[in-house]
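Q: I should like to learn how to read the features of a structural model. Could we work through one together, beginning with the ligand?

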Amino acid sequence: MLELSNITAGYERGRPVVRDMSLAVARGEAVGLLGPSGCGKSTLARVAALLHRPDAGTVVLDGTTVTDYRHRAPRALRTTVGVVLQAPRLSATDPRLRLRDLVAEPLRATGRRIEIRERVDELAQAVGLGGDLLTRGIRDVSDGDLQRACLARALVLRPRLLICDDMTAALDAATAAALIAAVEAYRRGTQASLLAVGPDPAVLARWCDRTVSWSSPPSDAHPL
Ligand SMILES: Nc1ncnc2c1ncn2[C@@H]1O[C@H](COP(=O)(O)OP(=O)(O)OP(=O)(O)O)[C@@H](O)[C@H]1O
């Protein structure tokens with residue numbers, strides 16, 4: 001489903017934060033990527049989500065070798081992946097949005113307005129956004145509720161690969177458990193693959209088939 005081969009990536013020319021990293025996630029598999037803060041996990045996750053162009057290396061997603069990233073990536077490839085980032089306030093681009101609009105954003109962007117009502121209500125239930133939460137603005141909900149909405153948005157186009165970058169960071173235990181359960185239910189229903197990134201082995205073990213440690217030598221770090 002996802003093959004990252006010898007990825008080198010960073011933000012400044014000549015100063016990579018990810019060096020020669022390889023990782024594969026098979027169809028239907030859930031892989032945890034474990035590593036300390038600042039080691040480059042989020043950067044690699046962004047490369048896998050086609051949000052950041054690597055300086056070197058190859059990304060193969062669903063059998064297609066990726067040549068373009070961000071808005072230049074073909075829509076069909078972009079919508080293969082759903083992404084939940086660590087900081088929901090940063091990933092929710094427009095602070096004036098209501099949660100309902102935030103969840104519906106990918107459906108609007110892909111011209112599937114007709115599906116919005118049913119799909120958003122279905123996902124609100126799946127992630128536990130009850131009561132009037134969907135009608136509230138981003139500024140008027142807790143980080144936990146905003147992250148629930150971000151997970152719903154990531155699932156709204158039924159991605160075949162879900163990437164969760166430290167999704168449960170800074171959430172209380174009950175909200176974290178609810179979000180993990182929602183991802184598990186989605187995967188049971190769709191056989192979607194999962195790449196879960198985080199610093200806590202116990203959290204990753206809870207929802208992943210196997211965990212790759214960032215500090216492993218390259219030969220152990222991937223099954224390619
Ligand atoms: N947009 C950016 N511009 C410049 N440098 C960045 C940017 N994002 C991350 N970095 C730097 O790249 C390095 C790796 O960061 P990254 O977020 O990928 O690591 P991480 O393992 O996910 O850390 P954390 O678990 O704390 O999020 C860090 O030194 C960070 O400061």
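A: Certainly; the model is a predicted one. A ligand site may be read first by the character of its residues: here the shell around the ligand divides into four nonpolar, seven polar and two charged residues.

Q: Which residues come nearest to the ligand?
A: Of the 13 residues around the ligand, those that come nearest are Tyr11, Ser37, Lys41, Ser42 and Thr43.

Q: Which element gives the most to the shell?
A: That is helix 1, residues 41-48, which supplies three residues.

Q: In what order do the strands of the open sheet lie?
A: Sheet order is read from one edge to the other. Four strands are arranged as 2-1-4-5, with antiparallel pairing. Strand 2 (15-25) and strand 5 (64-65) each have a single partner strand, so one side of each lacks a neighbour in the sheet.

Q: How many bridges join strand 1 and strand 4?
A: Strand 1 (residues 2-12) and strand 4 (residues 56-61) are paired in the antiparallel sense over five bridges. Within strand 4, leucine 61 is the residue opposite leucine 2.

Q: Which strands does helix 1 touch?
A: Helix 1 packs on the sheet and touches strand 1, strand 2 and strand 4. The direction of helix 1 makes about 120 degrees with that of strand 1.

Q: Why is alanine 205 classed as partly exposed?
A: A residue is classed by the number of other C-beta atoms within 10 Å of its own: 20 or more for buried, 12 or fewer for exposed. Alanine 205 has 13, and is therefore partly exposed. This residue lies in helix 8 (residues 201-207). Alanine 205 and alanine 30 are 175 residues apart in sequence, yet their C-alpha atoms are 10.0 Å apart in space.

Definitions and conventions
Residues numbered from 1 in each chain as written. Predicted model: local features only at pLDDT ≥ 70, side-chain atom pairs only at ≥ 80, totals over all residues. Near = placed C-beta within 6 Å. Helix = DSSP H or I, 4+ residues; strand = E, 2+ residues; numbered from the N terminus. Nonpolar A, V, L, I, M, F, W, Y, C, P; charged D, E, K, R; others polar. Pairing = 2+ DSSP bridges. Contact = placed C-beta atoms within 7 Å. Axes fitted to C-alpha atoms, helices over the stretch in contact; angles between N-to-C directions.
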